[in-house]
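Biologist: I have a new model open and would like to go through its labels with you. Could you show me the structure and explain what stands behind each term?

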Amino acid sequence: MIADSRDRPFHPAWWLPGAHLQTIVPNVCRLRRAPMLRRQSMTLPDGDFLFLDWGPDPGGPIVVLLHGLGGSSRSAYARVLMRALHESGFWACTMHFRGATGEPNRKLRSYHMGEGEDPAFVLSELRRRYNPRRLAAVGVSLGGSALLHSLAAADEGAAVDCAVAISVPFRPHQAEERLNRGWSRLYQRHILRQLRRMWQDKCRALARPDLAADLHRIRRFRDFDARITAPVHGYADADDYYDRASSVQVLRNIRVPTLLIHALNDPFMMPDSVPRPDELSPCVTLETHRAGGHAGFMENSGRSYLERRVPAYLLEQLQND
């Protein structure tokens with residue numbers, strides 16, 4: 001289903017014209033503080049681990065936030081969403097993908113756009129531990145893609161009651177192409193610097209310096225994905241990874257209410273990257289906006305549209321269910 005954004009008005013801040021200011025300023029200069037967080041380690045089925053950062057428990061439904069590539073609970077969008085969810089009565093936590101907190105995980109395996117297994121396990125475990133409490137999930141960028149893969153693989157057995165995915169790179173081939181153009185190359189450079197550092201730390205911890213050789217030569221996501229992401233996670237090459245990790249091909253299989261929030265001027269992808277109506281299941285609603293950048297969506301008030309839209313959608317779905 002395609003949502004008419006006029007029904008849920010978002011008015012981009014007039015003082016942040018263009019995609020890049022809407023992306024950079026909200027994700028760098030957010031002044032609102034997140035709630036105090038409590039870190040919990042969770043052991044995964046293969047013996048590895050990841051961390052959950054929990055906010056205070058106001059007694060409402062649980063919401064799990066999945067961060068983007070190179071992100072964490074300290075990312076600006078995560079702080080804003082965790083605060084907004086808490087103020088709306090949710091017990092929110094950020095699920096860190098393997099190795100995303102700066103502490104290397106035990107295995108070479110990390111995370112990627114098609115990584116639905118770890119979110120599925122975490123959500124199922126939380127459902128088991130806290131049933132009959134209601135459970136929802138929110139994914140941002142890569143985290144949104146991983147969440148969509150998790151929901152699609154579960155079909156009607158998904159652990160969550162509803163979900164939101166924000167600024168998802170639906171078509172990885174196009175996203176990789178876009179990030180090699182113009183000013184968007186700066187985002188690629190910044191994130192690659194974080195990924196190289198994370199991979200070097202992991203190889204050092206696992207006593208595998210051979211796997212970190214010549215990382216400084218990697219200048220594009222495609223090179224990183226061909227050298228590391230694809231072989232480590234069972235893909236033949238970068239193209240195979242981009243093909244199989246595309247979330248567009250799995251949207252028809254999602255069976256829980258899911259909202260996709262996307263800006264047509266997102267500098268991480270092409271304007272025509274958004275899914276077509278025939279690529280959506282009846283449970284998936286696509287909400288597009290002419291502006292908003294990548295996970296920005298700053299309004300004239302100086303606050304993010306996501307702060308009110310995400311909790312409102314989750315509350316609506318959980319109350320109507």
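Modeller: Gladly! Arg-98 counts as buried, at 2% relative accessibility. This is a predicted model, so local features need pLDDT of at least 70 and side-chain atom pairs count only at pLDDT 80 or more, while totals for chains, interfaces and linings use all residues. Residues are numbered from 1 along each chain as its sequence is written, and side-chain values use heavy atoms, with hydrogens and water left out.

Biologist: Why is Arg-98 called buried?

Modeller: Buried means under 20% relative accessible area, exposed means over 50%, and partly exposed lies in between (1.4 Å probe, protein chains only). Arg-98 has 2%, so the label is buried.

Biologist: What makes Arg-98 and Asp-48 a salt bridge?

Modeller: A salt bridge needs a side-chain nitrogen of Lys or Arg within 4 Å of a carboxyl oxygen of Asp or Glu. For Arg-98 and Asp-48 the N to O distance is 3.0 Å, so the pair qualifies. Arg-98 lies in the loop between strand E5 (91-95) and helix H3 (117-130), and Asp-48 in the loop between strand E2 (38-43) and strand E3 (49-54), so the pair ties together parts that are 50 residues apart in sequence. Helices (H or I, at least four residues) and strands (E, at least two) are DSSP runs, numbered from the N terminus. Asp-48 is buried too, with a relative accessible area of 0%.

Biologist: Which residues are linked with Arg-98 in a network of salt bridges?

Modeller: That network joins Arg-98 with Asp-46, Asp-48, Arg-109, Glu-115, Glu-117 and Asp-118. By this rule, the count for the structure comes to 27 salt bridges.

Biologist: In the salt bridge of Arg-303 and Glu-307, which side chain is buried and which is partly exposed?

Modeller: Their N to O distance is 3.1 Å. Glu-307 is buried at 9%, whereas Arg-303 is partly exposed at 38%.

Biologist: And what about Arg-208 and Asp-210?

Modeller: They meet in a salt bridge at 3.0 Å, N to O. Arg-208 has 34% relative accessibility, so it counts as partly exposed, and Asp-210 is partly exposed with 46%.

Biologist: How do you know that Cys-283 is in no disulfide?

Modeller: A disulfide is a pair of cysteine sulfur atoms within 2.5 Å. The structure holds 0 disulfides. For Cys-283, the nearest cysteine sulfur, that of Cys-162, is 12 Å away, so the cut-off is not met. Cys-283 is partly exposed, with a relative accessible area of 26%, while Cys-203 is buried at 1%.
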